Amino acid sequence: IGIAEIEMLPGNIFHVEITHGAEVTLEGAKRLIRATNQMLEPENPFRGGIYDLTKITYVNGDAREYLTSGEDVEGIVVAVAMISNSFLGKAVGNLVLSLSNTTPFPISFFESPIRAEHWVRSQMDEARRNRLEAVRKVA
């Protein structure tokens, strides 16, 4: 897709590593969402994301707004973790976090990929438990 490498981890969790020097535009963000939609496990309605921003250069405002809106995303976004230990990555992450109070899903920032994945997996587990409890109450 030109701006990132995407790996599907077990459980509908995407690990997205932004490529070195990438400047994410609205069109690039839309390509990213289309690519992840095609990789979804259809039997699992939930999805989570881990975005490594370490090598990013820039995300324009339209792309930031699009990515945090959940627009065009298939499935239920449970959580998004951002990772970076670079200055630019942290700056971009902080811009996204400033919008996170308006997102339909929680976003958190980490320096450790292991902690990021643990947090996303715990959010996914909680969403599954809540769904099972809701189904049991209806039955």
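This tour proceeds from the whole chain to its nonpolar cores and then to selected residues of a predicted model.

**The whole chain**

Begin with the cartoon view of the entire protein, which contains 4 helices and 7 strands. Followed along the sequence, these elements occur in the order β-β-β-α-β-β-α-β-α-β-α. Switch to the C-alpha trace, which extends over about 50 × 25 × 25 Å along its principal axes. The radius of gyration is 15 Å, which agrees with the value near 14 Å for a compact globule of 139 residues.

Colour the residues by accessibility next; 41% of the 139 residues are buried. The accessible surface amounts to about 7700 Å², and carbon and sulfur atoms account for 53% of that area. To examine charge, select the 14 positive and 18 negative groups, whose mean positions lie 5 Å apart. If contacts are displayed between residues at least 6 apart in sequence, 79% of them join residues at least 24 apart.

**The nonpolar cores**

In soluble globular proteins, nonpolar side chains tend to be buried together. Select Val-16, Ile-18, Val-24, Leu-53 and Ile-56: these have the most contacts inside the largest nonpolar core, a group of 24 residues. Two or more residues of this core come from each of β2 (13–18), α1 (26–39), α2 (61–69), β6 (76–83) and α3 (87–99). A second, separate core holds 14 residues, including Leu-9, Ala-81, Ile-83 and Val-120.

Centre the view on Leu-53. Which residues does Leu-53 touch, beyond those up to four places away in sequence? The partners are Ile-18, Met-82, Ile-83, Ser-84, Ser-86, Gly-89, Val-92 and Gly-93.

**Val-77 in strand β6**

Move to Val-77, which is located in strand β6. Leaving aside residues up to four places away in sequence, Val-77 is in contact with Arg-47 and Phe-105. A distance drawn from the C-alpha atom of Val-77 to that of Ala-4, 73 residues away along the chain, reads 19 Å.

**Two loop residues with positive phi**

Most residues other than glycine have a negative phi. The last two stops depart from that pattern: Asn-12 has a phi of about 65°, and Asp-72 has a phi of about 70°.

Select Asn-12 in the loop between β1 (4–9) and β2. Is Asn-12 buried or exposed? Its relative accessibility is 0%, so Asn-12 counts as buried.

Finish at Asp-72, in the loop between α2 and β6. Asp-72 counts as partly exposed because its relative accessibility is 45%, which falls between the limits of 20% and 50%.

Note on methods: Residues are numbered from 1 along each chain as its sequence is written. This is a predicted model: local features need pLDDT of at least 70, side-chain atom pairs count only at pLDDT 80 or more; totals for chains, interfaces and linings use all residues. Side-chain values use heavy atoms; hydrogens and water are left out. The radius of gyration is taken over C-alpha atoms; the globule rule is 2.2 Å times the number of residues to the power 0.38. Buried means under 20% relative accessible area, exposed over 50%, partly exposed in between (1.4 Å probe, protein chains only). Contact means heavy atoms within 4.5 Å. Accessible areas come from the Shrake-Rupley method with a 1.4 Å probe; for residues, only the protein chains shown count as cover. Lys and Arg count as positive and Asp and Glu as negative; His and the chain ends are not counted. The place of a charge is taken as NZ of Lys, CZ of Arg, CG of Asp or CD of Glu. A nonpolar core is a set of buried Ala, Val, Leu, Ile, Met, Phe, Trp, Tyr and Cys residues joined through side-chain atoms within 4.5 Å.
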